[in-house]
Amino acid sequence: MTQRDTEASAATPLTLRARIEALRRQRHRLEQGGGPDRIARQHQAGKLTARERVHLLIDHDTFQELYLFARHRCTAFGMADKEMPGEGVITGCGSVDGRQVFVAAQDFTVAGGSVGEMHADKICQTMDLALKCGSPFITINDSGGARIQEGIDALSGYGRIFYRNVLLSGVVPQIAIIAGPCAGGAAYSPALMDFIIMVRGSEMFITGPEVLKQVTGEHVTGAELGGPEAQVRSGVAHFIAENDQEAIEICKRLLSFLPSNNLEDPPERGDGELRWFTDPVLDGIIPDDPREPYDVIPIIKRLVDDGDFLEIQRGFADNAVIGFARIDGNTVGIVANQPMVMAGVLDIDASDKIARFVRFCNAFNIPLITFVDVPGFLPGVAQERGGIIRHGAKMLFAYSATTSPKITVILRKAYGGAYLAMCGKDLGADRVAAWPSSEIAVMGPEGAVNIIFRDQIKQAEDPAAARAEFLRLYRAEFASPYVGAARNLIDSIIAPSETRRYLSLALASLRTKRELRPQKKHGLVPL
């Protein structure tokens, strides 16, 4: 073709059909991300691509991609001629099990998923839509960090994302899947979200191993510093997934318990009929010796629908158990002491774990069921110097501020301030039931007897026998549920086998609960 022919061809307007074909070619090219070689390297690392992750999460043929044709406008450092397909992030909306969500998945095959101005703008606009539509927002993080060539524009992008994380907080659920690196300032966006799911092999930290080595002289691997196990132990991450596929499944299961926004009730499963039953096994599940430990999780599973309990933050503060379940098809949040770990005592980490979960449930209208077997707050110099007063106060604040239905079941020990912190009647519990095995007192019988009857025990001919008798009397008269029931601080004393029926009826009666609070900008939680 001659130059004259080429010029003539260029001057000839393209037909609509030709324009459509050109659009399809361009779209296909952009959808390939970094290209076949980089996609192959992603697969060789045992990872899915961003697009594969999105299609695995979203119901078939419901994903509507947004901002595919975004382009950076950086000209420094040779960037003027560099194209980054999709700006290294896939954004859009679709359905998960028939309910709309908005998603942003970073594409590591494009410049390592680095965050630049337009990359961040795509995420921000997607978050704005999630807020407008009242739909959950999900991020899939797999990024090398800020796009250094874009300098302050990249930093500004992070700031705009953080700002929107806060705007969305308490309005729509936010879930982060960490499927690769998430380092530096980028880690703060997941930290501002509600739940973090980390895939094995992923890493999340503020300062990486190389910088630590140079600045502090500390030698540590990326996995040791910010791998899934490390971040679960720190209380940052909530779930560990073996691979991308399992992370997606955890995300879907979590979403199944949650409402789309704070103006909706959680989704129902089933016909909503009350299905209560007696369970004789529960009548023998608590050891007769109050000092003997037991596992609270089998109790929870025997009380909820189909034994389906999604435990959250397993591996962090395991002396406390939190998670989601259903009763009569309706979502409930579960909080429980775990006597198998540190006798179920409350410490700094357990207080933080419970308080944050309680506040999440309140924000999204999820009823709370609290199972109590707590000997108190953990004593010790380290706890006091670490601020156990401040951290324990978070629990008191969280439960007191909660207006969602609150049901408390006292299984065994409920001593001192920890009894109140586990949502006693005086913190606004709508129902408080106690098993006959309950011991409710200012402190444990052993300590109380040593103080109250100290002189009588010293003067007794057989101090050990006298002490044993005083223990029996104290448990019978003061450390039993009947004292609290006599003062209407306990609504019902029930056999363990009757607990499911009690919970079913209580939840049904509280579905129309309304509670008005003094008008204010917000309370001041003791952070």
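Helices here are DSSP runs of H or I with at least four residues, strands are runs of E with at least two, and both are numbered from the N terminus. By that count, the protein has 21 helices and 17 strands. The model is predicted.

**Stop 1: the whole chain**

Show the C-alpha trace first. Along its principal axes it spans about 120 × 60 × 45 Å. Colour by accessibility next. Of the 527 residues, 50% are buried. Now consider contacts between residues at least 6 apart in sequence: 73% of them join residues at least 24 apart.

**Stop 2: histidine 55**

Select helix α4, residues 50-57, and pick out histidine 55 within the helix. Histidine 55 is partly exposed, at 48% relative accessibility. Then add isoleucine 285 and draw a C-alpha to C-alpha distance. Histidine 55 and isoleucine 285 are 45 Å apart in space and 230 residues apart in sequence.

**Stop 3: aspartate 97**

Move to the loop between β2 (89-96) and β3 (99-106); aspartate 97 lies there. Check the backbone. Aspartate 97 is not a glycine, yet its phi is positive, at about 55 degrees. Is aspartate 97 buried or exposed? Its relative accessible area is 54%. The cut-off for exposed is over 50%, so aspartate 97 counts as exposed.

**Stop 4: the α5 and α6 pair**

Select residues 117-133 for α5 and 152-168 for α6. The two axes come within 8 Å and cross at roughly 15 degrees. That angle makes α5 roughly parallel to α6. Show side chains on both helices. On α5, the contact is made by Glu117, Ala120, Asp121, Ile123, Cys124, Met127, Asp128, Ala130 and Leu131. On α6, the partners are Asp153, Gly157, Arg160, Ile161, Arg164, Asn165, Leu167 and Leu168. The crossing of α5 past α6 is left-handed.

**Stop 5: alanine 317**

Go to the loop between β10 (310-312) and β11 (320-327) and select alanine 317. Here is another non-glycine with a positive phi, about 50 degrees for alanine 317. Is alanine 317 buried or exposed? Alanine 317 counts as buried, with 12% relative accessibility.

**Stop 6: helix α15**

Select residues 388-401, which form the 14-residue helix α15. How far apart are its end C-alpha atoms? They are 20 Å apart, which agrees with the 20 Å expected at 1.5 Å a residue.

Colour the buried residues: Ile388, His391, Gly392, Lys394, Met395, Ala398 and Tyr399. They cover an arc of only 135 degrees around the axis, which puts them on the same side of α15. The spacing follows a general rule. An α-helix has 3.6 residues a turn, so residues three or four places apart point the same way.

What covers these buried residues of α15? The cover includes β12 (330-337), α13 (348-363), β13 (368-374), α14 (381-385), β14 (406-415) and α16 (416-421).

**Stop 7: α13 beside α15**

Keep α15 on screen and add α13. The axes of α13 and α15 come within 8 Å and cross at roughly 20 degrees. That makes α13 roughly parallel to α15. The crossing is left-handed. From α13, the contact uses Ile348, Ser351, Asp352, Ile354, Ala355, Val358, Arg359 and Asn362. From α15, the residues are Ile388, His391, Gly392, Lys394, Met395, Phe397, Ala398, Tyr399 and Ala401.

**Stop 8: helix α19**

Select residues 463-477, the 15 residues of α19. From first C-alpha to last, α19 reaches 21 Å, close to the 21 Å expected at 1.5 Å a residue.

Which residues of α19 are buried? They are Ala466, Phe470, Leu471 and Tyr474. These four cover an arc of only 140 degrees around the axis, which puts them on the same side of α19. Rotate to the other side of α19, and Ala464 and Ala476 are exposed. Turn back to the buried residues of α19: they pack against β16 (439-441), α17 (445-452) and α18 (454-459).

**Stop 9: threonine 499**

Finish in helix α21, residues 499-509, at threonine 499. Threonine 499 counts as buried, at 0% relative accessibility. Show what touches threonine 499. Leaving out residues up to four places away in sequence, its contacts are Leu303, Trp435 and Ile494. Last, add arginine 454. Threonine 499 and arginine 454 are 45 residues apart in sequence and 39 Å apart in space, C-alpha to C-alpha.

Terms used. Residues numbered from 1 in each chain as written. Predicted model: local features only at pLDDT ≥ 70, side-chain atom pairs only at ≥ 80, totals over all residues. Heavy atoms only, no water. Expected span 1.5 Å × (residues − 1). Buried < 20%, exposed > 50% of the residue type's maximum accessible area, 1.4 Å probe, protein only. Arc of directions from axis to C-beta. Contact = heavy atoms within 4.5 Å. Axes fitted to C-alpha atoms, helices over the stretch in contact; angles between N-to-C directions. Parallel < 35°, antiparallel > 145°, perpendicular 65-115°, else oblique. Left-handed = near helix turned anticlockwise from the far one by under 90°.
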